[in-house]
Amino acid sequence: MQGAQGDLLRLVATGKAESRADLARLSGLAASSVSLRVEELIDARLLAEEGSGTSRGGRRPRRLRLSPTAGVLAVADLGAHHVRLGLLDLSGTPLLVEERPCEIADGPRATLDRVADALDEVVAARVPAEVPLRGVCAGIPGPVDPLTLRVVTPSRMPGWNDFPVAGHLATRYDLPILVENDANLMAAGEARRWPDRENLMVVKAGTGIGCGVIVGGRLHRGRGAAGDISHVRVRSDSSVICACGHPDCLEAYASGAALMTALSEAGIEVTRPADIVGLVNDAVPEATSLVRNAGRRIGEVLTVLVNFFNPDVVAVGGSLSAAEPLITSIRAAVWERCLPLATRDLEIAPARAGRDAALLGAGALLLEAALTLP
């Protein structure tokens, strides 16, 4: 939906407007034009008007809200060994979230077909027939070209390089399709939990390491690699070859995959990064030492970026973020090495949006796509 109707619907969906008067004030349109377009949106079953809103003087206006039949958004956030599925209303509120096993190493076609089958299943089971599906989003744990929506040289994703994810999904869905890096989705979702902060860096510490960047309240993609800290070279007494082929990348030392390998070499077997958090909580010294060193290395990389970008917040999410020594070590490295002016008002904290951050971010970005495309 394009033009003024899309703009008005977006204002209601994002909670910025709850009455016709709000829409006129925020959009700059004449009250008569707003009323005409609102009536069209109500007739199209996208908006509903009910009850009484907040008075700004005079009688209380009738409250606008999204219609229950306005539509849903379907989101799949892919990980190395699982996928989180979400159905969201057009305001980005999750209606259903569930997790299923899914091996991304099975390749793009098999993985995406399995995910699409799962999305179709939950839509059929949970969404009434009169409620349309408005858009589909796939979160990918690797770099995504924002122009072509293809995966570009990902780590630990055999067969995915240059794969047209959006094109493949378009054979199943004649809808707006968004393909985005998982850390970017997480950053977009996390930004909703910091409404008074406009510049954020959101680090995802899980099987791999990623970072999403919010500048002036909007996701910064660059040419698709903005925020990719995983292949920044770190200092080390030894040398480890990363999956990308270069030596001594941050991911080769500080990712969940790297820590699992190190623990295995020490005779401690774990199957997923979340298991490492359990070992840290049980005070297993090998795990605690590895997590502390990983936090220090991540902090050293972030130091350069904090000095350069001066964010308001560095939020740390992902499965490893539940290990307290990780964030403590990140903070220590940044406080020690950054300029005082860069850290004076900086907050380094666990991510607030929790496990559903990527789903929330997908909802926000997909709504924008659904309301922009015809």
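This section describes the strands, helices, aromatic groups and backbone angles of a predicted model.

Strand 3 (residues 72–78) has two partners among the strands considered here, one parallel and one antiparallel. With strand 6 (residues 133–140), strand 3 pairs in the parallel sense over 6 bridges, and within this pairing Leu73 is bridged to Gly135. With strand 4 (residues 82–89), strand 3 runs antiparallel and is joined by 7 bridges. Here the bridge partner of Leu73 is Leu88. Leu73 thus has a bridge partner in strand 6 and another in strand 4. Strands 3 and 4 form a hairpin, with 3 residues between them.

Strand 4 is mostly covered, 6 of its 8 residues being buried. Strand 4 is also joined to strand 5 (residues 94–101) by 7 bridges, and these two strands run antiparallel. Gly86 is bridged to Val97 of strand 5. In the hairpin of strands 4 and 5, 4 residues lie between the strands, and Gly92 takes a positive phi near 90°.

Strand 6 is largely enclosed by the rest of the structure, because 6 of its 8 residues are buried. In addition to its pairing with strand 3, strand 6 pairs with strand 7 (residues 177–181) in the parallel sense, over 5 bridges. Ile140 has Asn181 of strand 7 as its bridge partner. Between these strands the chain passes through helix 5 (residues 165–170), and the resulting β-α-β crossover is right-handed.

Asn181 is also involved at the start of helix 6 (residues 182–191), where one of its side-chain oxygens reaches to within 2.9 Å of the backbone nitrogen of Ala183. Helix 6 is mostly covered, with 10 of its 10 residues buried. Among these buried residues are Asp182, Asn184 and Glu190, together with Leu185, Met186 and Gly189.

In helix 8 (residues 256–265), the buried residues are Gly256, Ala257, Ala258, Leu259, Met260 and Leu263. The elements covering them include helix 7 (250–254), helix 9 (273–281) and helix 10. Just after helix 8, Gly267 takes a positive phi of about 85°.

A buried glycine is found in helix 13 (residues 357–372), namely Gly363, which has a relative accessibility of 1%. Leaving aside residues up to four places away in sequence, Gly363 touches Leu73 and Leu88. Leu73 and Leu88 are themselves bridge partners in the pairing of strands 3 and 4. The C-alpha atom of Gly363 is separated by 26 Å from that of Ser155, a residue 208 positions away along the chain.

Helix 2 (residues 20–27) contains Asp22, which counts as buried because its relative accessibility is 5%, under the 20% limit. The side chain of Asp22 reaches the backbone nitrogen of Glu18 at 3.1 Å.

The count of aromatic pairs in the model is 1. Trp160 and Phe163 make up this pair, which is edge-to-face, with 6.5 Å from centre to centre and 65° between the planes. Trp160 is buried at a relative accessible area of 0%, and Phe163 is likewise buried, at 6% relative accessibility. Two arginines are placed over aromatic rings. The charged end of Arg297 sits over the ring of Tyr253, 4.5 Å from the ring centre. Arg352 lies over the face of Trp194, at 3.4 Å from the centre of the ring.

Most residues other than glycine have a negative phi. Arg45 departs from this sign, with a positive phi of about 65°. Arg45 is located in the loop between helix 3 (31–43) and strand 1 (47–50). At 45% relative accessibility, Arg45 counts as partly exposed. Asn310 also has a positive phi, of about 55°, although it is not a glycine. The loop that holds Asn310 lies between helix 10 (285–309) and strand 11 (313–317). Asn310 is partly exposed, with a relative accessibility of 38%.

Terms used
Residues numbered from 1 in each chain as written. Predicted model: local features only at pLDDT ≥ 70, side-chain atom pairs only at ≥ 80, totals over all residues. Heavy atoms only, no water. Phe/Tyr/Trp six-rings, centres within 6.5 Å; stacked < 30°, edge-to-face > 60°. Buried < 20%, exposed > 50% of the residue type's maximum accessible area, 1.4 Å probe, protein only. Lys NZ or Arg CZ within 6 Å of the ring centre and 35° of its normal. Contact = heavy atoms within 4.5 Å. Pairing = 2+ DSSP bridges. Right-handed = clockwise from strand over helix to strand, strands pointing away. Polar contact = N/O pair within 3.5 Å; in protein donor to acceptor, adjacent residues only side chain to side chain.
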